[in-house]
Amino acid sequence: MSHQKTIDTSFGSISPAEFFYRNRQMAGFGNPTQALYSTVRELVENSLDSCDDAQTLPLIDIEIQSVKSEIITVKVSDNGTGVPSEQVPQAFGQVLYGSKYSQQQKRGTFGLGVTMAVLYGQITTDSPVIIHTRTQNSNGHLYRLLVDVENNLPLVESNEELQRNNVGTTVIVQLKGDLKRAQDRIIEYLRLSTVSTPHAKLSLKIDDEIHVNLGNWSNTLPEPIRPSKPHPRSVDMEVLRRLTSRHGEKNLDDFLCKSFQKIGPRTSARFLRFMNLNPNRTISELTRDELAQLAQALRKYDGFERPDSKCLSTIGKSDFLNATTSVFNVRFAEYASRGVNEWQGNPFVIEAILATGDDFPRSDIPTLYRFVNRVPLLYDSSDDVLTRVLKRVNWSRYSVSSSEPVALFIHLCSTKIPFKAAGKQSLASIPEIEHEAHQLLKELGRKLGKINARANRSVRETKKMREFSKSFKQIVKFSTTLAGYDEVPSTDALVKQLFEVEPDE
Ligand SMILES: Nc1ncnc2c1ncn2[C@@H]1O[C@H](COP(=O)(O)OP(=O)(O)OP(=O)(O)O)[C@@H](O)[C@H]1O
Ligand SMILES: [Mg+2]
């Protein structure tokens, strides 16, 4: 007879909001310092994305006020597109809801950031988020709302029509935060944001004590970007299944040309010949095996051009250099970019600046400043693939030493950023990105090496010249006395001619 006890196991499921409520550290809301920093970051990030959509120079006001100890109010206003009234509840009160899931470079990725700030605010201070927004088609709406965590739904407390002077959005979140600890990081984040978004003007006020104006360093708007279709090399069975259910009636030739970028009639004909498939068959006729073979061949076929880069927005040489030298005291700065490349069919570009100047810490490797899709990353740098690449380069080869402070500003932009976690702080290792970043850093290292070698040569020459000049003067003085002259002739011009450098005295 079995004496086994029955164990009561209860099963269930939780909503995405509940998941992030339980695991908020995964989204950058693990403690009061990080939560305050992340709230500012998420609100500013959304404002900048919205100004890009509006094709306008961003004017963003950030106000942080301590209501009482540890209770902080964060208010961020922008001149972006505004949010259509009917979208406000879900955009701000539902986790994983957003407008940035298309194939183009955006700062926002998950549809999570602002809702996490709202959620954190409500669980720590029991207060709703306030959103005052106006689009081109409305005069303004004011919402107060919370998140129904168990059901991942917005709970609207109030909604009224309220005139807002200009098109744009103001968001006010109250939360428990550690302002003293977060303050420096917030200021650093905003300063660096104007390096990666040089056309933005940011104003920060903290408790009527600190008032900082940052930017803008450029008056030129970046070229507008457009979402692109998937590249054939980014296809897996899930993508193919979805496209098939949408375009099932199309023949193979038409299906390939309409569904993917970089496939026109000629490429499609070549590819189908290579696959030995009749171009007139409809996509819904293919068996599961044939679909799997098609997905694999789309990923492997090397006759497709590289992905489109019109969906990317780099900072660009002159803006990046100008912004860096406006924010930091820079002696020398050199820019390099590797052009468009791809990882799993996603286009990416890496651009970087190597700079020297007394604002940077002294070290035998450059101090790293990381940016992705124009957002500075300040946390978790030790886990990041870019830090690993930085350490792989032999900097002493390029005469980088602790005697001259060097910094490296590196910007990766892509339609898909391989973040390690929902907090968007560090990048996973992707071989293509790692390779390109490594090549780029070596290229910048060589440029700096050449400049350092030239400077060292000139220091050596100057030293030699000074020694020669001293002895030469003594010889001339001695010869003058020997020849019975009173006036010793000047030797400077002769020495200068010999060494082709300016004498020191
Ligand atoms: N200031 C704003 N102006 C216009 N739209 C906004 C603003 N703030 C939020 N939104 C809208 O709300 C949506 C949700 O924002 P949220 O920050 O949660 O996600 P996201 O920005 O899409 O991605 P991520 O989780 O990476 O931040 C956005 O996709 C956007 O459509
Ligand atoms: Mg966001």
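Reader: Which residues come nearest to ligand 1?

Author: In this predicted model, local features need pLDDT of at least 70 and side-chain atom pairs count only at pLDDT 80 or more, while totals for chains, interfaces and linings use all residues. Residues are numbered from 1 along each chain as its sequence is written, chains are lettered from A and ligands numbered from 1 in the order in which they are written, and side-chain values use heavy atoms, with hydrogens and water left out. There are 22 residues around ligand 1 (a residue is near a molecule if one of its heavy atoms lies within 4 Å of it), and those that come nearest are Ser-99, Lys-100, Thr-109, Leu-112 and Lys-424.

Reader: How many residues of the shell around ligand 1 are charged, and which helices each supply at least two residues of that shell?

Author: By class, the shell around ligand 1 holds 7 nonpolar residues and 11 polar ones, Gly being counted as polar, and the charged residues (Asp, Glu, Lys and Arg) number 4. The helices (DSSP runs of H or I, at least four residues) that each supply at least two residues of this shell are α2 (32–54), α3 (88–93) and α4 (113–125).

Reader: How far is an oxygen atom of ligand 1 from a polar side-chain atom of Ser-99, and what share of the ligand's accessible area does the protein cover?

Author: A polar side-chain atom of Ser-99 and an oxygen atom of ligand 1 lie 2.5 Å apart, and a polar backbone atom of Gly-113 is 2.8 Å from an oxygen atom of the ligand. For Glu-42, an N or O atom of the side chain is 3.4 Å from an oxygen atom of ligand 1. Of the 590 Å² of accessible area (Shrake-Rupley method, 1.4 Å probe) that ligand 1 has on its own, the protein covers 94%.

Reader: Is Asn-152 buried or exposed, and which residue's backbone nitrogen lies 2.8 Å from its side chain?

Author: Asn-152 sits in the loop between β4 (141–148) and β5 (153–161). Because its relative accessibility is 7%, Asn-152 counts as buried (under 20% relative accessible area, where over 50% would be exposed). The backbone nitrogen 2.8 Å from a polar atom of the Asn-152 side chain belongs to Val-95.

Reader: Which residue's side chain is joined to that of Ser-203 by a polar contact?

Author: Ser-203 belongs to strand β7 (residues 201–206) and is buried, because its relative accessible area is 15%. Across a polar contact of 3.4 Å, the side chain of Ser-203 meets that of Asp-61.

Reader: What distance separates the C-alpha atoms of Leu-378 and Ile-186?

Author: Leu-378 is placed in the loop between β13 (375–377) and α11 (385–392), and its relative accessible area of 16% is why this residue counts as buried. Leu-378 and Ile-186 are 192 residues apart along the chain, yet their C-alpha atoms are separated by 9.7 Å.

Terms used: Polar contact = N/O pair within 3.5 Å; in protein donor to acceptor, adjacent residues only side chain to side chain. Buried < 20%, exposed > 50% of the residue type's maximum accessible area, 1.4 Å probe, protein only.
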